[in-house]
There are 2 protein chains.
Amino acid sequence: MVEKRRKKTAEEHAAGVLAGDRASLAQAITLIESRSAKHWDQAQQVVEEVLPYTGKARRLGFSGVPGAGKSTLIEAFGMMLCEAGYRVAVLAVDPSSTTNRGSILGDKTRMERLSKHPNAFIRPSPSGGTAGGVAKKSRETMFLCEAAGFDVIIVETVGVGQGETLVRSMVDYFLLLVLTGGGDELQGMKKGIMEIADDLYINKADGINKQPALNARAEFNRMLHFLQPSTPGWTTEAHTVSALYHDGLKAMWERIDTFFSKVQESGRLTERRRHQMSDWMKAMVQEELERTFYQNPGVQSAWPAFEASVISGKTAPARAVQQLLQQFWEDK
Amino acid sequence: MVEKRRKKTAEEHAAGVLAGDRASLAQAITLIESRSAKHWDQAQQVVEEVLPYTGKARRLGFSGVPGAGKSTLIEAFGMMLCEAGYRVAVLAVDPSSTTNRGSILGDKTRMERLSKHPNAFIRPSPSGGTAGGVAKKSRETMFLCEAAGFDVIIVETVGVGQGETLVRSMVDYFLLLVLTGGGDELQGMKKGIMEIADDLYINKADGINKQPALNARAEFNRMLHFLQPSTPGWTTEAHTVSALYHDGLKAMWERIDTFFSKVQESGRLTERRRHQMSDWMKAMVQEELERTFYQNPGVQSAWPAFEASVISGKTAPARAVQQLLQQFWEDK
């Protein structure tokens, strides 16, 4: 069996994915996530086989600080969609987790009911890898899920590090989950995070927390009024939701529905996806150029001395950089 | 005379700058700003001669949308400092101006009184060049001004393009000038701009505009409460000022004074400047790597077809990038 699996061709992988077979999908994702150089070419072949069948899903990003109730919300929201006949894939992007420590979705039991639903597919965050690497894999994983026939892709990210920016750059709609418990939890929001959201949801708006949540919603809407919306032509709004009591989930889906009607009609959706593809290529170029430069042994050994010389005022920064680059190009 | 100027050595340039001679300073800046390859080496020598004499000035960034009254404010503020015996240099960073069109400070008469004060030095934005290029020159120009004995460097940027990010990355303290006239002007603030400011000043807080400005201040302070401060350990605040009636300028300087006491004592100032130097080197590396890649004729001719192939779903993005890079490295 193990032997047979190893010998599966790219076409077979792709066929399994396109048939919507869950085990094949999981296997293809593992191939994509492999950091072994010998898997790379086959993985790219699989991507190429499935690429023409992608693009039909709604790509949603869900973000929020730990404790905001992302898992509970995604489970409840995902269950509602699955019960309505949608096929839902949940992926995690967690650039902060270089080991399993701090990884979100490291454990499927976190969304136990959803993970067992026949219409759902949950893929935990790949552990290890750089931020860029993880993002690359997540996009390709998203394509595989789309090709496997999932209608809604929820890309989850924890509210730390570069996760949100990465997720924003791969989804159509970005939802930020926030909390309130009197006002203080709202402090210290991450720089720029409100401005990449298409909607803000204040979770745990139930019981004695309901009124504070409504107050927070008003406050957030006042703030949003001053900021540029993340999607031109769409007004980012703050709403309340209770994932625990399933209160506001339907309205959330209706709002997402309205969003897609709007951006499809205006052509913004197609435009955003084209830009994302082009930006992704450029990001990979940048990542690879910098990786090659900074992993160059000559650069690695020379950099600290140059930097020290610059900081102590002996070498002009532009000259230090020019010399490092000159050495690098000669070395290539 | 012209012949003699052409033959000035790097040491002579540096000596003139270090003597605080205004004409020498202007000449050295022109050398730095030169895009001619033959000036580059000498310019870097001048930077290296003066680098050990830099670091003593307060580096302030002033930003705000056109119409916010930056010129009037800087002139009034600069005059106040010059009268108090400080030497003040005003530089402009304007990455949006590839020609003179839209250039800020293109004309010294914009700050007529200040430009004539013996303690002041005003340098307009260099026209032409890429955003990165302009930023590079501006840092070096800032060093020259410091070496020439200026105590306060005001780096002005217009509130468009990447200007603020560039200026934030080279100054110690960043001031954002905003306007109010009832509330609507506050809308659509640039993404992330409030979060890089060390203080917000609502200008034109005079006459019938005074009360709306005070209301806006309260509103901004409410919003700032939710955001992470730009400088750890410092609380960004909103204040009102009237550049026209010189109301609030003294308080502005006192607040900047407090800022510097704090960051000097906590070591944040030294730390920030070290990081800025290191980040600048990395930014130059990135800029140069990408410039070399995208200006490579092979890359230029191959890119459009690869991009089209990716967007139409024929080539996997990662493979397209890998092939472009492979071609590039072979070409080098």
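Start with a shaky stretch: over residues 97–107 of chain A, pLDDT stays under 50, and there the model has 33 contacts beyond four places in sequence. Keep in mind that this is a predicted model, and that it scores ipTM 0.84 and pTM 0.83. Below is a quick tour of confidence, the two copies, the domains, one helix and two residues with an unusual backbone angle.

**How sure is the predictor?**
- Residues 128–132 of chain A also have pLDDT under 50 throughout, with eleven contacts beyond four places in sequence.
- Chain A as a whole has a mean pLDDT of 87, and 86% of its residues get to 70 or more.
- Within chain A, helix α1 (residues 2–7) has the lowest confidence, with a mean of 56, while helix α10 (residues 249–266) has the highest, at 98.

**Two copies, one turn**
- Turn chain A by 180°, shift it 0.0 Å along the axis, and you can lay it on chain B with an RMSD of 0.1 Å.
- The two copies are thus related as by a two-fold rotation axis.
- Looking for the axis from chain A? The C-alpha of A:Gly192 is the nearest one in that chain, 2.4 Å away from the axis.
- The copies meet through the same surface, because 100% of the interface residues of chain A are also interface residues in chain B.

**Domains of chain A**
- Chain A is assigned domain 1 (1–53), domain 2 (54–265) and domain 3 (281–331).
- Going by C-alpha atoms, the centres of domain 1 and domain 3 of chain A are 37 Å apart.

**A closer look at helix α3**
- Helix α3 of chain A covers residues 22–33, which is twelve residues.
- From first C-alpha to last, α3 of chain A reaches 16 Å, close to the 16 Å expected at 1.5 Å a residue.
- Buried residues in α3 of chain A include A:Ser24, A:Leu25, A:Gln27, A:Ala28 and A:Ile29.
- Further along α3 of chain A, A:Leu31, A:Ile32 and A:Glu33 are buried too.

**Two loop residues with positive phi**
- Here's the background: most residues other than glycine have a negative phi.
- B:Lys204 has a positive phi, near 60°, and sits in the loop between β6 (199–202) and α9 (210–224) of chain B.
- With a relative accessibility of 35%, B:Lys204 counts as partly exposed.
- B:His246 has a positive phi as well, near 55°, and its place is the loop between β7 (237–240) and α10 (249–266) of chain B.
- B:His246 has a relative accessibility of 46%, so it counts as partly exposed.

How values were computed
Residues are numbered from 1 along each chain as its sequence is written. Chains are lettered from A and ligands numbered from 1 in the order in which they are written. This is a predicted model: local features need pLDDT of at least 70, side-chain atom pairs count only at pLDDT 80 or more; totals for chains, interfaces and linings use all residues. Side-chain values use heavy atoms; hydrogens and water are left out. Domain bounds come from an automatic or database domain assignment. Copies are superposed by least squares on the C-alpha atoms of residues with pLDDT of at least 70 in both. Contact means heavy atoms within 4.5 Å. Helices (H or I, at least four residues) and strands (E, at least two) are DSSP runs, numbered from the N terminus. The expected span of a helix is 1.5 Å times one less than its number of residues. Buried means under 20% relative accessible area, exposed over 50%, partly exposed in between (1.4 Å probe, protein chains only). pLDDT is the predictor's confidence in each residue, from 0 to 100.
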